[in-house]
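Reader: Hello! Could you take me on a close look at the sheet here, along with the side chains around it? I would love one connected walk-through.

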Amino acid sequence: MMEKPAVKEVLGRRSAHEVIRTMDRDGSGNVTFWEFKQALEVADAPQTSATGFRQGEKVQYFSASYNQWMDTKISAVDASGQIQLECKPGYWMPSAEQMQKVRRC
C-alpha cells in the first residue's frame, strides 16, 4: 500500500510512522477517531497559529529548565492555534504560553 502513488503523494517525505506520531496527540500509541479527524481538519487549515507563527518558521523558545532562549523551529500548527516546537516534540503549546515563551529570531 505504501508504494501507491496517492499514498506517496500524501506522505511526501514523511514516513508513515511520522504521520501516525503526529496524529497521536495524546501520545497513547493509538490514533483515535477524534485525533484522526483533527489531523484532517488541520491539513485543510492555514498553517498559522493565533499568534501568527507559521509551520517551519525559525523561532526561539525560552527554556525554564536551562533559563535561556534556545533556537528551534515550529514543527506543527493545529486548527486551534496551538504549536509544536522541534525542541519539544509531542507537546502542543497553547497561544497564551506562546506569548510568554516563543519569539521570532
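Author: Happily! In this predicted model, 5 strands make up an open sheet, arranged β4-β3-β2-β1-β5 with antiparallel pairing. Strands here are DSSP runs (E, at least two residues), numbered from the N terminus, and two of them pair if DSSP finds at least two bridges between them. As background, strands of a sheet pair through backbone hydrogen bonds, either parallel or antiparallel. The edges are taken by β4 (88-93) and β5 (102-104), each of which pairs on one side only. From one strand to the next the twist averages 40°, where axes are lines fitted to C-alpha atoms and angles run from 0 to 180 degrees between N-to-C directions.

Before going further, a note on how to read this: the model is predicted, so local features need pLDDT of at least 70 and side-chain atom pairs count only at pLDDT 80 or more, while totals for chains, interfaces and linings use all residues. Residues are numbered from 1 along each chain as its sequence is written, and side-chain values use heavy atoms, with hydrogens and water left out.

Now to the β5 side of the sheet. Strand β1 (residues 58-63) joins β5 in the antiparallel sense over 3 bridges, and across that pairing Tyr61 stands opposite Val102 in β5.

Rings and charges come next. There are 2 aromatic pairs in the structure; rings of Phe, Tyr and Trp (its six-membered ring) pair if their centres lie within 6.5 Å, with planes under 30 degrees apart called stacked, over 60 edge-to-face and the rest tilted. Phe33 and Trp34 make an edge-to-face pair, 4.9 Å centre to centre with 80° between the planes. Phe33 is exposed, at 54% relative accessibility, and Trp34 is exposed as well, at 60%. For these words, buried means under 20% relative accessible area, exposed over 50%, and partly exposed in between (1.4 Å probe, protein chains only).

Phe62 and Trp69 are also edge-to-face, at 5.3 Å centre to centre and 65° between the planes. Phe62 is partly exposed at 24% relative accessible area, and Trp69 is partly exposed at 31%. Trp69 has a further partner: the charged end of Arg103 sits over the Trp69 ring, 4.0 Å from its centre. A charge counts as over a ring if NZ of Lys or CZ of Arg is within 6 Å of the ring centre and within 35 degrees of the ring normal. Lys88 does likewise with Tyr91, its charged end sitting over that ring at 5.5 Å from the centre.

Notes. Helices (H or I, at least four residues) and strands (E, at least two) are DSSP runs, numbered from the N terminus.
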